[in-house]
Each structure stands twice: as C-alpha cells, then as structure tokens.
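Work through the exercises below with the sequence and the model at hand. Each task is followed by a solution in steps.

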Amino acid sequence: MPPSPGRIALTFLLLSLMAVGGANAVIPDIHRQVVATLHWMDDPTFATLFAIAQAAPGPNVLVVSLIGWHLAGWKGRAAATAAMSGPPALIAFLVGRALNRGAGSPWIERIKAGLVPLAIGLILASGVVMARSAYGGPLSLLITVAAAIFVLACDFNPLWALSGGAVLGLASAWFG
Amino acid sequence: MPHPPSPPPGRLQLFLGFLKIGLMGFGGVAAVARHVLVDDRRWLTERDYASVLGVGQVLPGGNVVNASVMIGERFHGPMGAVVALSGLMAMPLAILLVLATLYERFSGFPAVHAAMGGTAAAAAGLTIGTALKLARRLRPPPSATAFGLAAFAGTALLHLPLLDTLLVLAPLSIGAQLWNRRS
C-alpha cells in the first residue's frame with residue numbers, strides 16, 4: 001500500500017533537520033529509511049531515482065521530490081518537497097535575517113569569515129567526490145580537468161563546459 | 001578583478017536570476033550560482049557570495065538553497081526569500097518529472113549513458129574549478145587555507161561524516177578569526 005502524503009512528510013521532516021551539507025549528506029539515511037526500514041521501494045528503484053535526480057538540473061534536494069512522486073504521485077511530491085526544504089528554509093531565513101540586520105558588526109563578520117574557508121573546502125571535496133563517481137576512464141578525467149580549468153580561466157557560462165562534456169561522452173561512445 | 005556591484009534587483013529580476021541558476025545547475029548548483037550572482041548579474045561580490053555560502057553550509061539544507069533564502073531576504077525581506085527559493089526550485093521540479101518519464105523509455109540507449117557520463121564528469125570539474133576560483137580570488141590567509149584544506153581532507157579523503165567535521169572545524173576556524181583580529 002502506498003504511504004500517505006502525511007507519512008511521507010513526517011519521514012522527510014525529521015531527515016531535513018539532519019541534512020547539514022544538503023540532501024546528498026543524508027542520502028544514506030534516506031536510503032535506510034525508505035528502503036530498509038519502511039520498505040517503500042527496492043534498491044534498484046532507489047538507485048534509478050537517484051540517477052535521474054543527478055541528471056536533472058537544480059539543487060540535490062530534488063531527489064526527495066522524485067521519491068515522493070514515485071510513492072504517491074503529485075501529492076507525494078508536494079509533501080516530500082515541502083517537508084525536506086521547509087524547515088531548513090525557515091532556519092536559513094531567520095539566520096539570514098539576523099545576519100543581514102547585523103551586517104557590519106565585527107563579531108558577525110568574523111563568524112562569517114571563519115565559515116568561508118570551510119565552505120570552499122567542502123565544495124572542493126564534493127567536486128572530488130563527484131569526479132570519483134563520474135570516473136569511467138581517461139576521457140572522463142580529461143573532461144573533469146578541462147571543465148575545472150574552464151572555470152578558473154574565464155567567466156563564461158558553465159553550460160558550455162557541460163555541453164562539451166556531453167558531446168565528448170557521446171563522441172567516445174560513437175567512435176570507441 | 002572585483003566587479004562593480006549592480007543596483008539591488010527587483011523581485012522579478014531576483015526570481016529570474018534564481019530561475020536561471022536552477023535551470024543551468026546540472027550536477028550541483030554552487031558553480032552556476034557563483035557565475036550568475038557574481039559574474040553575470042553582479043548582485044554580490046566574490047566575498048559576499050563566499051560568506052553567504054559559508055553560513056548556508058553549516059545550516060541544515062543545501063548550501064545554495066539556504067543561500068538563495070538569505071540573499072532573497074537581504075534584498076526583499078520574507079517575500080524576497082520566497083521569490084528566490086521558488087525561482088531556484090521551479091524549473092528543476094518540472095524538468096525532473098519529464099526526465100523521469102523519458103528515462104523509462106530511453107535508459108536502454110548507450111548514447112544516453114555516454115552523454116550523461118560526460119556531463120557528470122564536466123559538472124565535477126566545474127565544482128572543483130569554482131572552489132579553486134573562490135579560493136584564488138579571496139586570497140585567504142594561511143590559517144584559513146589550513147582550515148579549508150582540513151575540511152576538504154576530512155570529508156573527501158578520510159570520508160569523515162560532514163556533520164562531525166563541521167562540529168570540530170567550525171568553532172576552531174571561527175575562533176582563529178576572532179583571535180587573529182584581536183591581536
């Protein structure tokens with residue numbers, strides 16, 4: 001029996017507050033809940049939904065929307081999306097409001113300055129993790145390095161690098 | 001070097017800016033968000049973007065999702081937060097369902113996998129390049145660089161849980177900032 005939208009919302013509400021670093025940080029927990037504990041879907045289905053969410057543009061939290069949609073149609077999608085992004089958005093709003101009001105205060109500026117290197121280090125880390133899972137041989141490494149240089153060397157639209165990667169991937173399948 | 005900031009965006013512009021970020025953010029939105037907010041629309045300086053992202057990183061939820069809420073709030077209060085967040089989510093939510101339907105039909109084609117693989121590799125490179133670009137432009141002092149590298153090594157190389165890494169490094173990094181400025 002498919003879970004009710006309310007039950008879906010409750011599951012993701014709890015997970016949303018643990019998702020420091022975004023939805024990808026709690027993918028193992030989501031998997032444990034949805035597949036192992038609640039038996040809402042099997043492993044291959046979960047993997048497929050994750051792959052589709054990765055292929056789509058936008059924030060990683062959308063994998064949860066897709067899970068909700070798969071479980072209970074558009075109501076499930078709405079419930080999952082709202083539950084997963086609602087509480088963090090509310091917290092971000094309150095913190096953002098406090099920080100924006102206090103902008104210029106030396107304390108707040110120093111707290112923010114302390115968080116900046118961590119954010120940059122973690123973005124670098126997520127790039128390396130993504131590169132590892134995308135690795136399929138020398139060509140994919142070449143695409144990754146070329147895309148990194150592209151960003152470093154110019155301010156052009158990143159979409160160029162993404163389409164370049166897609167074309168190279170296609171070309172290798174065609175000729176290889 | 002630092003672009004001159006543009007005048008603050010109206011609500012519609014804010015919505016459209018984040019719509020663009022959501023639409024172009026394949027494989028994570030941090031890279032394209034920096035491009036749109038700093039290079040393209042010039043609503044934020046490099047330092048502003050890094051610091052909003054830094055706060056967004058330590059709160060629950062995606063860093064760019066949190067950043068969109070805080071940037072929206074800065075320009076237009078509660079309404080701005082709603083506008084920026086819905087701009088970011090609108091297109092991807094729609095595209096996702098189209099993709100899910102298409103995937104069932106076309107996932108057997110090797111060409112689809114090859115193109116997706118190439119895109120994923122490029123998205124990884126964009127994310128790495130964006131982190132390096134932020135680091136290069138902000139020129140952090142050695143202590144900040146050390147904390148950044150520690151965060152990178154802890155999560156990407158040692159595979160420590162993100163939350164534990166942050167619980168240890170955030171107080172230390174903030175403490176170092178407070179200590180540096182005082183002395």
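Helix axes are lines fitted to C-alpha atoms over the stretch in contact, and the angle between two of them runs from 0 to 180 degrees between N-to-C directions. The model is predicted.

**Exercise 1.** Determine how helix α5 of chain A and helix α3 of chain B are placed relative to each other.

*Solution.* Two packed helices are described by the angle between their axes and the distance between the axes. Step one is to locate the helices: α5 of chain A spans residues 106–134, and α3 of chain B spans residues 46–58. Step two is the distance, and here the axes come within 7 Å. Step three is the angle, with a crossing at roughly 80 degrees. Angles of 65 to 115 degrees count as roughly perpendicular, so α5(A) is roughly perpendicular to α3(B).

**Exercise 2.** List the residues that make the contact between α5(A) and α3(B), and sort them by class.

*Solution.* Take α5(A) to begin with: its contributors are Lys112(A), Leu115(A), Val116(A), Leu118(A), Ala119(A), Ile120(A) and Leu122(A). From α3(B) come Ala50(B), Ser51(B), Leu53(B), Gly54(B), Val55(B), Gln57(B) and Val58(B). Sorting by class gives 10 nonpolar, 3 polar and 1 charged residues.

**Exercise 3.** Describe the side of chain A that touches chain B: how many residues are involved, and which helix supplies the largest share?

*Solution.* Count the residues on both sides: 83 residues of chain A are in contact with 92 residues of chain B. Next, assign the chain A side to its elements. At least two residues each come from α3 (43–55), α4 (62–101), α5, α6 (138–153) and α7 (159–175) of chain A. The largest share, 23 residues, belongs to α5(A). By class, this side of chain A holds 57 nonpolar, 22 polar and 4 charged residues.

**Exercise 4.** Set out the secondary structure, dimensions, burial and contact range of each chain.

*Solution.* Begin with chain A. Its secondary structure consists of 7 helices and 0 strands, in the order α-α-α-α-α-α-α. The C-alpha atoms of chain A occupy a box of roughly 55 × 50 × 25 Å along the principal axes. Of its 176 residues, 49% are buried. Among contacts in chain A with a separation of 6 or more, 47% link residues 24 or more positions apart.

Repeat the steps for chain B. This chain has 7 helices and 0 strands, and its C-alpha atoms fill a box of roughly 65 × 45 × 30 Å along the principal axes. Buried residues account for 54% of the 183 residues in chain B. For contacts in chain B between residues at least 6 apart in sequence, the share joining residues at least 24 apart is 57%.

Terms used
Residues are numbered from 1 along each chain as its sequence is written. Chains are lettered from A and ligands numbered from 1 in the order in which they are written. This is a predicted model: local features need pLDDT of at least 70, side-chain atom pairs count only at pLDDT 80 or more; totals for chains, interfaces and linings use all residues. Helices (H or I, at least four residues) and strands (E, at least two) are DSSP runs, numbered from the N terminus. Angles under 35 degrees count as roughly parallel, over 145 as roughly antiparallel, 65 to 115 as roughly perpendicular and the rest as oblique. Two residues are in contact if their C-beta atoms, placed from the backbone, lie within 7 Å. Ala, Val, Leu, Ile, Met, Phe, Trp, Tyr, Cys and Pro count as nonpolar, Asp, Glu, Lys and Arg as charged, and the others, Gly among them, as polar. A residue is buried if 20 or more other C-beta atoms lie within 10 Å of its own, exposed if 12 or fewer, and partly exposed in between; C-beta atoms are placed from the backbone.
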